[in-house]
Amino acid sequence: MTDQELQTLVEKISQESFRQPFCHQARFNRRLKTTGGRYHLQSHNLDFNQLLFEKYGETELIKVIKHELCHYHLHLAGRGYQHRDLEFKQLLKKTGGSRFAPTLTPAVFQIYQCQQCHKEIKRRRKIDTKRYVCGSCQGTLKFLKTIET
């Protein structure tokens, strides 16, 4: 999907779901890593994560577009546009937008095992096995593997 196709899709969704025009720019932003989209308060433009479209398809992208359009239309109307505001939550539910974007990067875990009690320890960050010991028996730790979920 190109930026121009995204622009027309956002304009179409804005008319159908919100009955208001979208008069600013919508584009893909490759630098977004953990979020599905972003609404810019100053310029009123929308950025979307292209990886979200590539990984999950158009249906998830439409949900994220609706989420960002909720921010857009509420902010321009001078109403509560933040995630914690009741008006935002109600409009998001009414339009069918997603509250959270799906995970884009897999969670990586390091698995260690105690040499004495054989307890497995699952950590997100690597630990120095020469410096740290088992919390249960103070035995030495051995690195087993790295897993992605």
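Here's a quick tour of some side chains in this structure and who they sit next to. Keep in mind that this is a predicted model. A search of the whole structure turns up four aromatic pairs, and the salt bridges also come to four. We'll start with a buried glutamate, move on to the rings, and then look at the charged pairs.

**Glu 68, a buried charge**

- Look for Glu 68 in helix H3, which covers residues 58-77.
- Glu 68 is buried, yet it has no salt bridge.
- Which side chain of opposite charge is nearest to Glu 68? That's Arg 38, and it is 7.9 Å away. A salt bridge needs the nitrogen and oxygen within 4 Å, so this pair doesn't count as one.
- What Glu 68 does have is a backbone partner: a polar atom of its side chain lies 3.2 Å from the backbone nitrogen of Tyr 39.
- Setting aside neighbours within four places in sequence, Glu 68 is in contact with Gly 37, Arg 38, Tyr 39, Leu 46 and Phe 48.

**Aromatic rings**

- Tyr 39 shows up again here, as one of the four aromatic pairs found in the structure joins two tyrosines. The ring centres of Tyr 39 and Tyr 72 are 6.1 Å apart and their planes stand at 90 degrees, so the pair is edge-to-face.
- This pair links distant parts of the chain: Tyr 39 belongs to strand S2 (residues 37-39), Tyr 72 belongs to helix H3, and they are 33 residues apart.
- Are these two tyrosines buried or exposed? Tyr 39 counts as buried because its relative accessibility is 11%, and Tyr 72 is buried too, with a relative accessible area of 2%.
- Phe 22 joins in as well, since ring pairs link Phe 22, Tyr 39 and Tyr 72 into a cluster.
- Elsewhere, a ring meets a charge: the charged end of Lys 122 sits over the ring of Phe 109, 4.4 Å from the ring's centre.

**Salt bridges**

- Side chains of opposite charge can pair when their charged atoms come close.
- Arg 27 and Asp 47 form one such salt bridge, with N and O 3.1 Å apart. Arg 27 is in strand S1 (residues 26-28) and Asp 47 is in strand S3 (residues 46-48), so the pair ties together parts 20 residues apart in sequence.
- The two partners differ in how much they show: Arg 27 is partly exposed at 29% relative accessible area, whereas Asp 47 is buried at 3%.
- Lys 63 and Glu 60 make another salt bridge, at 3.6 Å from N to O. Both lie in helix H3, three residues apart, which is about one turn of the helix.
- In that pair, Lys 63 is partly exposed with a relative accessible area of 34%. Glu 60, at 19%, is buried because the cut-off for buried is under 20%.
- Arg 79 pairs with Glu 87, and their closest N and O atoms are 3.4 Å apart. Arg 79 is partly exposed at 44% relative accessibility, and Glu 87 is partly exposed at 32%.

**One more spot to find**

- Thr 8 sits in helix H1, residues 3-18, and is partly exposed with a relative accessible area of 41%.
- How far is the C-alpha atom of Thr 8 from that of Ala 26? The two atoms are separated by 8.9 Å, although the residues are 18 apart along the chain.

Key:
Residues are numbered from 1 along each chain as its sequence is written. This is a predicted model: local features need pLDDT of at least 70, side-chain atom pairs count only at pLDDT 80 or more; totals for chains, interfaces and linings use all residues. Side-chain values use heavy atoms; hydrogens and water are left out. Helices (H or I, at least four residues) and strands (E, at least two) are DSSP runs, numbered from the N terminus. Buried means under 20% relative accessible area, exposed over 50%, partly exposed in between (1.4 Å probe, protein chains only). Lys and Arg count as positive and Asp and Glu as negative; His and the chain ends are not counted. A polar contact is a pair of N or O atoms within 3.5 Å; within protein, one must be able to donate a hydrogen and the other to accept it, and residues adjacent in sequence count only if both atoms are side-chain atoms. Contact means heavy atoms within 4.5 Å. Rings of Phe, Tyr and Trp (its six-membered ring) pair if their centres lie within 6.5 Å; planes under 30 degrees apart count as stacked, over 60 as edge-to-face and the rest as tilted. A charge sits over a ring if NZ of Lys or CZ of Arg is within 6 Å of the ring centre and within 35 degrees of the ring normal.
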